[in-house]
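Student: I would like a close look at one helix in this protein. Please take me through that part step by step, then place it in the wider picture.

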Amino acid sequence: MRADRLVSLVLLLRQRGRMTADALADELEVSTRTVLRDIEALSSAGVPVYAERGRHGGFALLPGFRTELTGLNHDEALALLNAGSGPGEQVFGLSSALASAMRKVVDALPEGHRASVGDAAQRFLIEPETDLLSRRLVTENVPGMVMSEVRCAVLAGHKLRFHYAAPDKTPRWHTVEPIGLVTVRDRAYLLATKSGEDRTYRLSRMLAAEELPEQAQRPDQVDLDRIWRERSTRFLSENHIPVLVRVNPARREELLNTARAVRAEEPEADGWLRLEVTFEDLRHAVWALWQLGTDAEALAPESLRAALRDRAAAIATRYEESSPE
């Protein structure tokens, strides 16, 4: 629609400054002639857009020009409303800010448009608390004060001190140089360095946190996606047991819910799936596969097959005996 294109044109000039007609045409995926007509229409409507001639010329807005026009169409507004409707709204302690932002988005829409978007949003449910098998999805809770201190330290580039309860260890205090925050399946992690070494901490295990005034030693620019991939690869290679398993497709999700990670997956001729997954240790792997009964078969390592075989034999022996009176 032309109205959406005109709004996009204004937003491009506001965000990027002076742009040529050809550059605007490429961004908007229209002809240069169309851009020139749109510029004329904006000028006629009172938008202070002007042309600068010469080799480095183009179109620009008068300095300081602002508009309250959001330019959201129906689907864009609906996407924003639904983005804030799932459990992820709690991530990083920004749920109240997100709710406020959603109210502003709705308020900025035209009257009739506002009602239709609100009605449409009621027709979508994003990530309910339980799945079709009534299994409750686990969302980790992080105390608000902890989340606030961590978030502020990350954004300000300050050192962070926190009380951390690692599994099977006595809680202790750590002081780190925070790099960034990552959320995966509603679990939030802090990426940091400590004494020059890479460290990753789960926020739900922080009992208390304090932003320190000292500046953190960290690079100005960071590629969190690359860092997360590298740390994930390193994490999976340390202190974990790789398992090759066949599983009935109907039980695939149950297996993935208990495994630490999935390294490979491929279908087999009989319709089952062959997966390479990792577990914390042998005990964890035995427990997870035992839950699946005959709908899963461990192919490797042999120590896991032996442990499952011994457990099955012990159960069989127990129930071979005569029933107690």
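Tutor: Start with the whole chain. This is a predicted model. Among contacts in the protein with a separation of 6 or more, 59% join residues 24 or more positions apart. The secondary structure comes to 11 helices and 11 strands. The protein has 325 residues, and 33% of them count as buried. About 20800 Å² is exposed, with 51% of that supplied by carbon and sulfur atoms.

Now to helix α3, residues 32-44. Check its length. It has 13 residues, and at 1.5 Å a residue the expected span is 18 Å, since the span is 1.5 Å times one less than the number of residues. The end C-alpha atoms of α3 lie 19 Å apart, which agrees.

Next, its faces. T34, V35, D38, I39 and L42 are buried in α3. These residues cover an arc of only 140° around the axis, so they sit on the same side of α3. R33, E40 and S44 are exposed on the other side of α3. Buried here means under 20% relative accessible area, and exposed means over 50%.

Then the exit. G46 comes just after α3, with a positive phi of about 95°.

For contrast, turn to helix α10, residues 282-290, which contains W290. W290 has 32% relative accessibility, so it counts as partly exposed. Together with I315 and Y319, W290 forms a nonpolar patch on the surface. The accessible area of the three together is about 350 Å².

Conventions: Residues numbered from 1 in each chain as written. Predicted model: local features only at pLDDT ≥ 70, side-chain atom pairs only at ≥ 80, totals over all residues. Heavy atoms only, no water. Patch = residues over 30% accessible without salt bridge, like charges linked within 9 Å, V, L, I, M, F, W, Y side chains within 5 Å. Areas by Shrake-Rupley, 256 points an atom, 1.4 Å probe, with all protein chains shown as cover. Salt bridge = Lys/Arg side-chain N within 4 Å of Asp/Glu carboxyl O. Helix = DSSP H or I, 4+ residues; strand = E, 2+ residues; numbered from the N terminus. Buried < 20%, exposed > 50% of the residue type's maximum accessible area, 1.4 Å probe, protein only. Contact = heavy atoms within 4.5 Å. Arc of directions from axis to C-beta.
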